[in-house]
Amino acid sequence: AYYNNVIVLIVIFVVISFSSYFIDRKAYPARVAISVIPVLIQITQVNTVMQGIPRLDYHTFIGDFIAISSFYCAITVFQYALVCFLMDRESLHEEKFKVVKRISGELRKAKAMALKDSASNNTDSRLEHETSEHSSLVTDEDNHEMLSQEMIQFKTDSFSGDLTGEATTKNKLAANKIVQKKKNSLETLLTKFPTFPENEMKYLTVLDQGFLCELIEMFDPNGDNHLDPDEVRGGFRKVGVYRSLESILDLFERNHMNIDGISQREFLKLLESESVAHQPTLNRSLWDKPPSLQLDIFCRMFYIPIFLVVCVIFFLILLPSGLYVDGEVAFKFPDGQGNSTNSTR
């Protein structure tokens with residue numbers, strides 16, 4: 001009866017707790033319920049069995065087996081707490097990847113602005129001669145009219161300046177601080193990474209320049225200006241993107257870069273491309289998955305085998321060895337009246 005009513009039920013609820021590892025780790029209510037309910041049932045089983053057993057000064061087989069099984073079911077609760085902790089850290093990494101995508105977009109805009117600025121400078125140099133010739137045709141009457149308009153504007157500005165002079169001064173001071181701060185930030189960026197183009201970096205905001213410095217240091221921690229595929233892969237993991245080595249090599253090939261490693265300047269071009277986002281792959285190893293999912297997969301692989309080892313130790317090693325034997329008694333089971341009954345070999 002104890003085999004049917006206790007041991008079989010214990011094994012069933014251990015298997016039920018094992019099924020929690022196959023539930024989506026982000027389905028919090030389902031995962032918590034399937035982890036906690038078997039533990040509560042095991043506690044109820046322990047109380048029921050202990051009520052039928054008198055106080056003993058030795059271990060019984062059923063008591064030890066229930067205790068080990070209850071602890072084994074409780075592992076699922078502690079495991080999910082650790083999974084939640086890892087998912088919390090992964091959410092912080094996902095925020096970092098949003099910064100990566102933002103920097104990628106800002107670099108593309110900065111490059112477009114630099115090209116536009118270069119084209120505008122070429123156009124200005126071509127039109128400069130025509131402008132100088134045209135200015136010589138301005139008559140004295142036009143000059144007099146322009147001078148009159150400038151005097152009127154000067155008086156208007158002077159009158160409005162008397163009213164808002166203090167506010168204008170404060171705005172100018174604030175603007176000068178911002179300009180100086182951006183200038184210092186640009187100098188710091190170009191000092192750390194002299195290969196970066198100044199004509200593009202100047203279009204980044206102070207905040208984006210700081211993000212770019214942190215990003216380069218994250219992907220190239222040793223600062224040797226050489227990022228091999230493993231370093232790039234590790235850097236992506238730090239921002240919550242778990243890419244396989246084949247995916248990193250494909251990323252290098254798509255951007256016509258050396259697969260043995262790239263420089264910081266080439267990595268900047270890599271960020272400018274739209275291929276930095278996660279790409280699907282057919283060959284994803286355990287290392288290419290988030291840590292929380294890795295822990296779930298590990299438990300799926302070893303939870304039941306370890307429990308089977310525990311059962312083998314109890315039923316095939318400890319029980320026949322005589323550890324629970326008292327004289328001619330193989331092990332003790334309680335009867336329904338609270339008296340222990342002996343089961344011989």
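Me: Which residues does the UniProt annotation "domain: EF-hand" cover?
Reply: The annotation comes from an unreviewed UniProt entry, and such annotations may be inferred rather than shown by experiment. The model is predicted, with local features needing pLDDT of at least 70 and side-chain atom pairs pLDDT 80 or more, while totals for chains, interfaces and linings use all residues. Residues are numbered from 1 along each chain as its sequence is written, and side-chain values use heavy atoms, without hydrogens and water. The annotation covers residues 207-242.

Me: How are α7 and α8 oriented to each other?
Reply: The axes (lines fitted to C-alpha atoms over the stretch in contact, with angles from 0 to 180 degrees between N-to-C directions) of α7, residues 229-238, and α8, residues 245-254, come within 10 Å and cross at roughly 110 degrees. Angles of 65 to 115 degrees count as roughly perpendicular. α7 and α8 are therefore roughly perpendicular.

Me: Which residues of α8 make the contact with α7?
Reply: Contact means heavy atoms within 4.5 Å. On α7, the contact is made by Pro229, Asp230, Val232, Arg233 and Phe236. On α8, it is made by Leu245, Ile248, Leu249, Leu251 and Phe252.

Me: How many residues of α7 are buried?
Reply: Buried means under 20% relative accessible area, with a 1.4 Å probe and protein chains only. The buried residues of α7 include Pro229, Val232 and Phe236. α7 is mostly covered, the buried count being 7 of its 10 residues.

Me: Which residue caps the N-terminal end of α7?
Reply: A side-chain oxygen of the capping residue lies 3.1 Å from the backbone nitrogen of aspartate 230. The cap is aspartate 228.

Definitions and conventions: Helices (H or I, at least four residues) and strands (E, at least two) are DSSP runs, numbered from the N terminus. Angles under 35 degrees count as roughly parallel, over 145 as roughly antiparallel, 65 to 115 as roughly perpendicular and the rest as oblique. Buried means under 20% relative accessible area, exposed over 50%, partly exposed in between (1.4 Å probe, protein chains only). A polar contact is a pair of N or O atoms within 3.5 Å; within protein, one must be able to donate a hydrogen and the other to accept it, and residues adjacent in sequence count only if both atoms are side-chain atoms.
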